[in-house]
Amino acid sequence: MPLSKDEREQFLAEPHIAALSVYAGDKRGPLTVPIWYQYTPGGQPWLLTGTGSRKHRLIEAAGHLSLMVERLEPTVRYVAVDGAVDRIEPGTDEQLVEMTKRYLAPEKVEPYLEFARREQGDSVAVFLKPEHWLSSDLGSL
């Protein structure tokens, strides 16, 4: 059963790991990788990735991407959203902190931030303009 607009937006706002898909060129499937993302109902999904990384280059070249999140319990439910890239801008430390706190337990936040700041280098924030939604709750299987 398809989810209502409110249900799909609330589901996307939960801290699921997304599958990011972006066109990777002729004679290849899309690049599809797990990624952390942030979303507030009614807003734009956004993600962070390394400046100049393969994801960054492909997203910039394609201008479109898809995100899909799912869960298995208490019911099988998924939401997929795709659309144009609205903007790509330099990532900030505030965005890194926000994203880290979304996904990690409080005691793991500072160690991860220390690692990310030391090892991962500069990032870009990619903002998606949602254009197409696909969602369903398949119930308990």
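The following conversation goes through the sheet, the helices and one loop residue of a predicted model.

User: What kind of model is this, and how are residues numbered?
Analyst: The model is predicted, so local features need pLDDT of at least 70, side-chain atom pairs count only at pLDDT 80 or more, and totals for chains, interfaces and linings use all residues. Residues are numbered from 1 along each chain as its sequence is written, and side-chain values use heavy atoms, with hydrogens and water left out.

User: What is the strand order in the sheet?
Analyst: The open sheet has six strands in the order E2-E1-E4-E5-E6-E3, with antiparallel pairing. Strands (E, at least two residues) and helices (H or I, at least four) are DSSP runs numbered from the N terminus, and two strands pair if DSSP finds at least two bridges between them.

User: Which strands stand at the edges?
Analyst: E2 and E3 do; each has a single partner strand, so one side of each is left without a neighbour in the sheet. The twist averages 30 degrees from one strand to the next.

User: How many bridges join E5 to E6?
Analyst: E5 (residues 76–90) and E6 pair over 14 bridges in the antiparallel sense. Val-76 has Gly-139 in E6 as its bridge partner.

User: And E3 with E6?
Analyst: Five bridges join E3 (residues 46–50) to E6 (residues 123–139), and these strands run antiparallel. Thr-49 is partnered with Val-124 of E6.

User: Turning to helices, at what angle do H3 and H4 pack?
Analyst: H3 (residues 93–103) and H4 (residues 106–119) pack at about 140 degrees, with axes 10 Å apart. Axes are lines fitted to C-alpha atoms, for helices over the stretch in contact, and angles run from 0 to 180 degrees between N-to-C directions. The two helices are therefore oblique to each other; angles under 35 degrees count as roughly parallel, over 145 as roughly antiparallel, 65 to 115 as roughly perpendicular and the rest as oblique.

User: Which residues meet there?
Analyst: Asp-93, Leu-96, Val-97, Thr-100 and Lys-101 in H3 meet Val-109, Tyr-112, Leu-113, Ala-116 and Arg-117 in H4, where contact means heavy atoms within 4.5 Å.

User: Which residues of H1 are buried?
Analyst: In H1 (residues 5–13), the buried residues are Arg-8, Glu-9, Phe-11, Leu-12 and Ala-13. Buried means under 20% relative accessible area, exposed over 50% and partly exposed in between, with a 1.4 Å probe and protein chains only. Their cover includes E4 (64–71), E5, H3 and E6.

User: Is Arg-28 buried or exposed?
Analyst: Arg-28 is exposed, with a relative accessible area of 55%. Arg-28 lies in the loop between E1 (18–22) and E2 (31–35).
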